[in-house]
2 protein chains.
Amino acid sequence: MPMELDARKQKVLKAIIDDYIESAEPVGSRTLARKHDLGVSPATIRNEMADLEMLGYLEHLHTSSGRVPSSKGYRFYVNGLIPPKPVSDEEKKIINDWYKARVRRIDEVFQETARIISKVTKNVSLVLAPQMTQARFRVLQFLPLDDRRVITVLMTDAGFVENKIVEMPSGATFEDFQRMAMVINKNLAGRSLAAISPERLLPIRDEIGDEGLYESALEVVNRALDAGKQERLYLGGTTQMLTQPEFHDVEKVKHTLMMLEEEELIKDILHAHMGDGLEVTIGQENEDSQMKDSSIITATYHLNGELLGTIAVLGPTRMEYAKAMSLLEYMNDNLTEVIRKYNW
Amino acid sequence: MPMELDARKQKVLKAIIDDYIESAEPVGSRTLARKHDLGVSPATIRNEMADLEMLGYLEHLHTSSGRVPSSKGYRFYVNGLIPPKPVSDEEKKIINDWYKARVRRIDEVFQETARIISKVTKNVSLVLAPQMTQARFRVLQFLPLDDRRVITVLMTDAGFVENKIVEMPSGATFEDFQRMAMVINKNLAGRSLAAISPERLLPIRDEIGDEGLYESALEVVNRALDAGKQERLYLGGTTQMLTQPEFHDVEKVKHTLMMLEEEELIKDILHAHMGDGLEVTIGQENEDSQMKDSSIITATYHLNGELLGTIAVLGPTRMEYAKAMSLLEYMNDNLTEVIRKYNW
DNA sequence: TTTAGCACTCATTCACTGAGAGTGCTAACA
DNA sequence: TGTTAGCACTCTCAGTGAATGAGTGCTAAA
């Protein structure tokens, strides 16, 4: 379908979407003609609107209630009509100052990134923190908790620390665990977490000697690594989103909040949307039925070509795409830079 | 005022409050007579109600709209009329299983405690985690971040780990910091965080030699200790609270969520309410004007007579006091036990 | 002291109405 | 042939008024 929409149709579509994004009200021909200076009469706009609706770019709730963009309409808008809205220098400065003032612990970078995004876009933001496969093993330590359990602390060279409670196998003593720790540390220090495979652990087997104890070591190391590799999800803007008229209904708020509490579900959604760079998924385009009236914009950050994590904005289909997209792009670069610098 | 309320008045007041807590609707004489078997006619109840209102235990929104308990009414109810509602053995089992299944990292105890409380009471729960003054210094480590900053990692003997970013003073090198770490660790290992005072650090001064470097050491240790001592606030149930009819209005939800986001404010409120054991503050009794229509129940947990932290339920004045109070009591004992066991 | 009876007050619901914004269609116009 | 004015029609929304129902306060009788 070459040139499905002529220039004027595009202009009308853009005007409608811009207006709707701003007002959240269905837009009619008369008001559109009044506000945007399109140079044609309402009647003409009505005709164009009818065409656009026929083609699937607009929707009609009831006869005579103004038009609302469809997912297809938004898609066309995002792909071609969208006005660029780069992050201004002032905004950049504000963001950087914010980081400086707030990030006191290294992992707070992610939480603060989420906060910034939600503050600016007034929507929910999601940040999936990297798995630290780049990080290098520094030291594994055991601490006695009670007579049945120990705390395992794994530290990486970038200062990221992960601790986990582990049951001791029956028969093992804490002294055994300490001996294990020495052997493990000697063998693994300096290795990247990603490179620690079961084979790497084989030398440890010989040094430990005891077969049963070796099995425990294996399990403990793996569990500590799992914790270290685990993706962390940071969430922001659950309060900001209430300013959107879409959430005027408490039931909807509750539903959305409950969905956001399901961390695994959210992670799945993010994984499914992870693409190359900036990815926009609009309303109906979503697989998940709960997301049919939401849009999600994701941006992934990489290091040396390897995918590390994702930052995203989640909101109603009526969303300031231009703003959200350029912000995500900027935050993405920023985060990549931080991670590169801190050698995660 | 001896015996301000005779037995029947108390019975009526209790019936009204029970009913209102359940239904959230102003309660009238007819329905009250129907539901609760008080053995008197609505007219008599009306008379009693009028008396109770005169005395300040009940309130009237408009003529003819049923009565609602006042703060004073709730207070009397909580102090004397409240039916005991101990946590059942099944509930205890569910709670313990929950802990077992979810607590994988030691600090998750607090988050999960908050979750449980909010799940059961359907209100917001707050948990102020202890300052770890009981904890003993294990090791302080420095990790290079970039050429200007280092990450300081403080670990206690209970496996609690705290990391913080610190600027290096100009002139100092990372090697200096490593040397400092050795000296500090040698001198402080095994001491309780509370016992680490500036005087304790004096021996370090001589060992380090360099005056400027000693100043840095002092500052770094203090900042690491600060981080270690900092109270952490855990929050739960912001979604659950939406099931309360009090939050049918989105504006109110937004207002409450925004208040809850102000961590310092919440901490202040908790500190102000911290008492000896279980403390109930009802509506108007609150100092903070934002809390005039909320009630807060706090319970503090101690170790060896020293106050460690607080757990609390925050909700509308219409709250299931009996349930919340006994639950808090139970969770409080539980948490004290956990902390005692893990030697925090 | 308790209760029945009664007049009265609000809040809520429902149907109805008119205004306003919007559409689609047709016919006239450039 | 594309554009526009005009008009009939639709639908939503705010406002009005009546009916309903739950509740109160007061008075007089039991």
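Tutor: Start with a term. A pocket is an open set of grid points with protein on both sides within 12 Å along at least five of seven lines. A volume is the space filled by probe spheres set on the points. This model is predicted, so keep that in mind throughout.

Student: What volume does the second largest pocket have?

Tutor: The volume of the second largest pocket is about 680 Å³. It has 32 lining residues. Closest to its centre are K252(B), D293(B), S294(B), P316(B) and T317(B).

Student: What makes a residue part of the lining?

Tutor: A lining residue has an atom within 4 Å of a point of the pocket. K252(B) is listed in the lining, so K252(B) meets that cut-off. Elements of chain B that give two or more residues to this lining are β2 (67-69), α4 (71-81), α10 (250-261) and β10. The largest share, four residues, comes from α10(B).

Student: Which classes of residue make up the lining of the second largest pocket?

Tutor: The lining has 15 nonpolar, 11 polar and six charged residues.

Student: Why is R318(B) called buried?

Tutor: Set the value against the cut-off. Buried means under 20% relative accessible area. R318(B) has 6%, so R318(B) is buried. Its place is the loop between β10 (306-316) and α12 (321-342) of chain B.

Student: How do you know that the side chain of R318(B) makes a polar contact with the side chain of E246(B)?

Tutor: A polar contact needs a pair of N or O atoms within 3.5 Å. The value for R318(B) and E246(B) is 2.7 Å, so the pair passes the distance limit. The R318(B) side chain also reaches the backbone oxygen of I21(B), at 2.6 Å. Leaving aside neighbours within four places in sequence, R318(B) has further contacts, among them Y20(B), A24(B) and Y74(B).

Student: Is A24(A) buried or exposed?

Tutor: A24(A) has a relative accessible area of 18%. The limit for buried is under 20%, so A24(A) counts as buried.

Student: What stands out about the phi of A24(A)?

Tutor: A24(A) has a positive phi of about 65°, although A24(A) is not a glycine. A24(A) lies in the loop between α1 (7-23) and α2 of chain A. A24(B) also has a positive phi of about 65°. A24(B) sits in the loop between α1 (7-23) and α2 (29-35) of chain B.

Student: What makes a residue count as near DNA strand C?

Tutor: One of its heavy atoms must lie within 4 Å of the strand. DNA strand C has 20 residues around it, including S29(A), R67(A) and R8(B) among the closest. Sugar and phosphate make up 73% of the strand C atoms that come within 4 Å of the protein.

Student: How far is a phosphate oxygen of DNA strand C from an N or O atom in the side chain of T44(B), and what makes this a polar contact?

Tutor: The distance is 2.4 Å. The limit is 3.5 Å, so the T44(B) pair qualifies. R30(A) has a side-chain N or O atom 3.1 Å from a base nitrogen of strand C. The surface near strand C takes its largest share, four residues, from α3(B).

Student: Which element gives the most to the surface near DNA strand D?

Tutor: That is α3(A), with four residues. H62(A) has a side-chain N or O atom 3.3 Å from a phosphate oxygen of strand D. That value is within 3.5 Å, so the H62(A) pair is a polar contact. R30(B) has a polar side-chain atom 3.1 Å from a base nitrogen of strand D.

Definitions and conventions. Residues are numbered from 1 along each chain as its sequence is written. Chains are lettered from A and ligands numbered from 1 in the order in which they are written. This is a predicted model: local features need pLDDT of at least 70, side-chain atom pairs count only at pLDDT 80 or more; totals for chains, interfaces and linings use all residues. Side-chain values use heavy atoms; hydrogens and water are left out. A polar contact is a pair of N or O atoms within 3.5 Å; within protein, one must be able to donate a hydrogen and the other to accept it, and residues adjacent in sequence count only if both atoms are side-chain atoms. Buried means under 20% relative accessible area, exposed over 50%, partly exposed in between (1.4 Å probe, protein chains only). Contact means heavy atoms within 4.5 Å. On a 1 Å grid over the protein atoms alone, a cavity is a set of points where a 1.4 Å probe fits but cannot get out, and a pocket is an open set with protein on both sides within 12 Å along at least five of seven lines; lining residues have an atom within 4 Å of a point. Ala, Val, Leu, Ile, Met, Phe, Trp, Tyr, Cys and Pro count as nonpolar, Asp, Glu, Lys and Arg as charged, and the others, Gly among them, as polar.
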